[in-house]
Amino acid sequence: MSKGTRESTQMGCRKRVSSWTVEEVHDWIKGQYPSHQSTFLLAVGHHAISGRALLRMNEGALERMGVKPQQQQEILQDILLLKVQEELENLNDIFMECFSS
């Protein structure tokens, strides 16, 4: 697990990805992709990509944002990890609701 992935996991424990602000998405990108963040980082700011929008990103959206094809797969894999994290948190909530009484 990369340093940026660990940081996003820790961040996700405090606040769900779907609740991230544009600034928090910006911070995640800066931590996750320090070597090639410029295009994606600028696009996120320009398009005001929140956590909810980040979780909906796909290859077409990244392409329209000007992200290079070789970077798209890495970004999409990291977004998939965030989606899984979000779903696990949702399942945990359901479990807690069902079995807390």
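A residue counts as buried when its relative accessible area is under 20%, as exposed when that value is over 50%, and as partly exposed in between. Keep that handy, because the exercises on this predicted model lean on it.

**Exercise 1. Work out which residues pair up in the salt bridge of E24, and say whether each partner is buried or partly exposed.**

Step 1: look for the partner. The side chain of E24 meets that of K15 in a salt bridge, at 2.9 Å from N to O.

Step 2: check E24. Its relative accessible area is 18%, so E24 is buried.

Step 3: check K15. With 30% relative accessibility, K15 goes down as partly exposed.

**Exercise 2. Find the salt bridges that R16 makes, and work out what they tie together.**

Step 1: start with E89. The side chains of R16 and E89 form a salt bridge at 3.9 Å, N to O. R16 sits in the loop between α1 (3-14) and α2, while E89 belongs to helix α6, so this pair links parts that lie 73 residues apart in sequence.

Step 2: go on to D93. R16 and D93 also meet through their side chains in a salt bridge, here at 2.2 Å, N to O. Since R16 is in the loop between α1 and α2 and D93 is in helix α6, the pair ties together parts 77 residues apart in sequence.

Step 3: put the pairs together. Salt bridges with shared partners join R16, E89 and D93 into one network.

Step 4: add the accessibilities. R16 is partly exposed at 21%, E89 is buried at 17%, and D93 is partly exposed at 34%.

Step 5: check the total. Searching the whole structure turns up three salt bridges.

**Exercise 3. Sort out which side of helix α3 is buried, and what it packs against.**

Step 1: list the buried residues. In α3 (residues 38-47) these are F40, L41, A43 and V44.

Step 2: see how they are spread. They span an arc of only 165° around the axis, which means they fall on the same side of α3.

Step 3: flip to the other side of α3. There you'll find L42 and H46, which are exposed.

Step 4: name the neighbours. The buried residues of α3 pack against α2, α4 (51-55), α5 (59-64) and α6.

Step 5: step off the end. After α3 comes A48, with a positive phi near 50°.

**Exercise 4. Place Q32 in the fold and find the polar contact of its side chain.**

Step 1: locate the residue. Q32 is part of helix α2, which runs over residues 22-32.

Step 2: check the cover. Q32 has a relative accessible area of 9%, so it is buried.

Step 3: find the partner. The Q32 side chain makes a polar contact with the side chain of D78, at 3.1 Å.

**Exercise 5. Which residues make the nonpolar surface patch, and where does I94 lie?**

Step 1: collect the members. L80, V84, L88, L91 and I94 make a nonpolar surface patch of about 480 Å².

Step 2: place I94. It lies in helix α6, residues 69-99.

Step 3: test I94 against the cut-offs. Its relative accessible area is 49%, so I94 is partly exposed; to be called exposed, a residue has to be over 50%.

Key: Residues are numbered from 1 along each chain as its sequence is written. This is a predicted model: local features need pLDDT of at least 70, side-chain atom pairs count only at pLDDT 80 or more; totals for chains, interfaces and linings use all residues. Side-chain values use heavy atoms; hydrogens and water are left out. Helices (H or I, at least four residues) and strands (E, at least two) are DSSP runs, numbered from the N terminus. Buried means under 20% relative accessible area, exposed over 50%, partly exposed in between (1.4 Å probe, protein chains only). A polar contact is a pair of N or O atoms within 3.5 Å; within protein, one must be able to donate a hydrogen and the other to accept it, and residues adjacent in sequence count only if both atoms are side-chain atoms. Patches are made of residues with over 30% relative accessible area and no salt bridge: like charges are joined within 9 Å, nonpolar side chains (Val, Leu, Ile, Met, Phe, Trp, Tyr) within 5 Å. Accessible areas come from the Shrake-Rupley method with a 1.4 Å probe; for residues, only the protein chains shown count as cover. A salt bridge is a side-chain nitrogen of Lys or Arg within 4 Å of a carboxyl oxygen of Asp or Glu. The arc is that of the directions from the helix axis to the C-beta atoms. Contact means heavy atoms within 4.5 Å.
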